[in-house]
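Hello,

Here is the structure I said I would pass on. My notes follow it.

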Amino acid sequence: MDNPSKITEGGVEYSLGKFDGKSVLYDFDKILIYLDAKGKLLFGKQFRIYDEDTVIIRKLCHYFIKDKENCLKDDIDTNKGILLSGLVGCGKTTLMKLLRYIVPMQRPYEMIPCRNVAFSFNHLGFKTIEDYGSTKFYCFDDLGIEPAGRFYGKDLNVMGEVLLSRYELYLETKHKVKTHATTNLNAEELEERYGNRVRSRMRELFNLIAFDTKAGDKRK
């Protein structure tokens, strides 16, 4: 890619800012225009960027483009992953699916519903934990509402074990391997679901970015 500030979608070229030959000086308004166009391509013509979400989107953009100055202001550590929390239907999954496209030069992450991880464990057992403990980048969707895992009569909090594996990997790779997640739960509910040990690892794994509790359900 010659100029990472320009992305072509459906024959249309979008500019995300200016490229000086070494780095991109991003323009947030231009990023929003691109995200709106890409969102319509991915999710249909009904997709739109909501004004009330621009604060969250700006924070996420600062993170993905590694704008360290603004990340510092937002108390975001670019070495950690993102835990995007908010009520059902506020657009968490859509944003995490969408925002990876503004940085095509960066290593992409795969979106994995947490319920699929639990179902996989029920069929394959502990191989599932090993598989998700690999050096791939993941965003685990809907963390905390997945069913409990059960394999040959043994119950397991599958996502809790996966998060512990991801944490160990994060340390082993000196923070190179990223893990992201979305959740409808708040900090107390996550601790109740996964226990204090996993919750403390999550603090080290993730930057918490939260939608306003008044954010409505956009799927209605």
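Strand β5 (residues 81-85) and β10 run parallel and are joined by 3 bridges. One pair to look at is Ser85, which stands opposite Thr183 in β10. Please keep in mind that this is a predicted model.

β10 is also joined to strand β7 (residues 138-143), through 4 bridges, and these two strands run parallel as well. Here Tyr138 has Thr179 of β10 as its bridge partner.

How many residues of β10 are buried? The strand covers residues 179-183, and 5 of its 5 residues are buried, so by definition each has under 20% relative accessible area. Thr179, Ala181 and Thr183 point one way from the strand, while His180 and Thr182 point the other way. Both sets are buried. Thr179 and Thr183, named above as partners of Tyr138 and Ser85, are therefore among the buried residues under that 20% cut-off.

The other item concerns two helices. Two packed helices are described by the angle between their axes and the distance between the axes. For helix α2 (residues 54-64) and helix α4 (residues 92-99), the angle is about 35° and the axes are 11 Å apart. The crossing of α2 and α4 is right-handed.

Which residues meet where α2 and α4 pack? From α2 they are Ile56, Ile57, Leu60, Cys61 and Phe64, and from α4 they are Leu95, Met96 and Leu99. The residues of this contact divide into 8 nonpolar, no polar and no charged.

Regards

Note on methods: Residues numbered from 1 in each chain as written. Predicted model: local features only at pLDDT ≥ 70, side-chain atom pairs only at ≥ 80, totals over all residues. Heavy atoms only, no water. Buried < 20%, exposed > 50% of the residue type's maximum accessible area, 1.4 Å probe, protein only. Pairing = 2+ DSSP bridges. Axes fitted to C-alpha atoms, helices over the stretch in contact; angles between N-to-C directions. Left-handed = near helix turned anticlockwise from the far one by under 90°. Contact = heavy atoms within 4.5 Å. Nonpolar A, V, L, I, M, F, W, Y, C, P; charged D, E, K, R; others polar.
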